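Open the model in a viewer and keep the selection tool at hand. The stops below go from one side chain to the sheet beside it and then to the cores.

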Amino acid sequence: MKIAIIGTGYVGLPTGVGLAELGNDVVCIDREPSKIERLNHGQLTIFEDGLEELFKKNAQAKRIRFTTSMKEGVSSADVVLIAVGTPPHPVTKEADMKYIHAAATELAEYLTGYTVVATKSTVPVGTGDDVETLIRKKNPTADFDVVSLPEFLREGYAIHDFFNPDRIIIGANSERACALLKQLYQPFAHKTTILCVKRRSSETIKYASNAFLAMKIHYINEMANFCEKTGADIFEVAKGMGLDSRIGNRFLNPGPGYGGSCFPKDTNAMAYMARQNGVDLTLIETTIKGNELRFAQMAEKVIQATKSDTPKIAVLGLAFKNGTDDCRMSPALSIVQELIRRNAQITAFDPKAMENAKLILGDKITYADDIYSCLKDADVLAVLTEWEDFKALDFEKAAHLMAQKVIVDCRNMLDMNKALEYGFSYQGVGR
């Protein structure tokens, strides 16, 4: 099929590469000329594990190309995917729909033949109706259907998740649109469920899923706090809980709180939509408040590990999770900012996210070139992102470099017994 994707971010680009790998003719559209120029020269604009190889392969095969021209991308497309940002409003926290509405209005005049316009972005319930109205107003004779096609790609694992989906949800109010998208995703029909539902149900599924996962993370973090006070071990507790098939073992890893571009934004948007509709979602509201407090709790944990009034803290990890360079709503950055407010001197290292972190933190911290230059003269080592590289920490080398042998492992990444063996004071989460 001929596919147009509007937006080349952490959703649009992996989706475009994935669809190209399936043999489709894909055109990715973005308004930033510099970004399109880089992509057309074979340079990725984001880091996503496993993306580069497939990107280069399909670009060379001319199955995927990039343009700033909406007309070039949308004309003759069978499916147009809208994958632009829906950032939270700074006050209300509702999803800002200006980019969705702008894309819908602009693409309308270039529709030719029957086209399915699908929203990949996470959008409030009823957005499909708005997009349909905008397109119909701009191009009354267009033959099209608007569909909700939520993405469930985890950042850092987007390529894996594209080719191994848990489910594919198609929110369509017409059989014709549902049939076309089932054809597009036919290569996955043997390995997953392709579920066609009402458009508004599909829009709700995405928010309901992310809000539930956020609540699960907050729950295990509260259990971790309980374990620390009572002498229980959160690893043992989580393992015992996860053996219950009704609960499952995923998202039972305690840590510094949830972050990234999805969970914080989507829980806030879900809560806002509920208030607008007169529905009391107490669990989600409590989760949001508790997660915001979590960052301060983690910062306090780090500060309490040293007696210095101006501690030197080595931070490993700035991205919101491993496998990505995305620092949006990163728990690591929230903790770092809290530590700065408490007069800490921060030196940080991240294998992929340094440049993005600099855009947010600027010169408020020092940036190290590698793990061990980060540790030099530090009073405390704080592990804030779960990069695999950190697991191989040389404790003997670290002990010689650090001013004090203190570790606060907010991701439970390091070998606690080995740390103790080399004389470190070690604190994990929930132990």
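Select D350 first: its side chain reaches the backbone nitrogen of A353 at 2.8 Å. This is a predicted model, in which local features need pLDDT of at least 70 and side-chain atom pairs count only at pLDDT 80 or more, while totals for chains, interfaces and linings use all residues. Residues are numbered from 1 along each chain as its sequence is written, and side-chain values use heavy atoms, leaving out hydrogens and water.

Add W387, whose side chain makes a polar contact with that of D350 at 3.0 Å (N or O atoms within 3.5 Å, one able to donate a hydrogen and the other to accept it; residues adjacent in sequence count only if both atoms are side-chain atoms). D350 is buried (under 20% relative accessible area, 1.4 Å probe, protein chains only) and has no salt bridge (a side-chain nitrogen of Lys or Arg within 4 Å of a carboxyl oxygen of Asp or Glu). K352, the nearest side chain of opposite charge, is 8.5 Å away.

Next, colour the strands (DSSP E runs of at least two residues). Six form an open sheet with parallel pairing (at least two DSSP bridges between two strands), in the order β11-β10-β9-β12-β13-β14. β11 (366–367) and β14 (425–427) are at the edges with a single partner strand each, so one side of each has no neighbour in the sheet. Select A348 and Y367 in β11, which stand opposite each other.

Finish with L381, which is among the residues touching the most other members of the largest nonpolar core, a set of 62 residues (buried Ala, Val, Leu, Ile, Met, Phe, Trp, Tyr and Cys joined through side-chain atoms within 4.5 Å). Apart from this core lies another of 42 residues, including I64 and L149.

Key:
Buried means under 20% relative accessible area, exposed over 50%, partly exposed in between (1.4 Å probe, protein chains only). Lys and Arg count as positive and Asp and Glu as negative; His and the chain ends are not counted. Helices (H or I, at least four residues) and strands (E, at least two) are DSSP runs, numbered from the N terminus.
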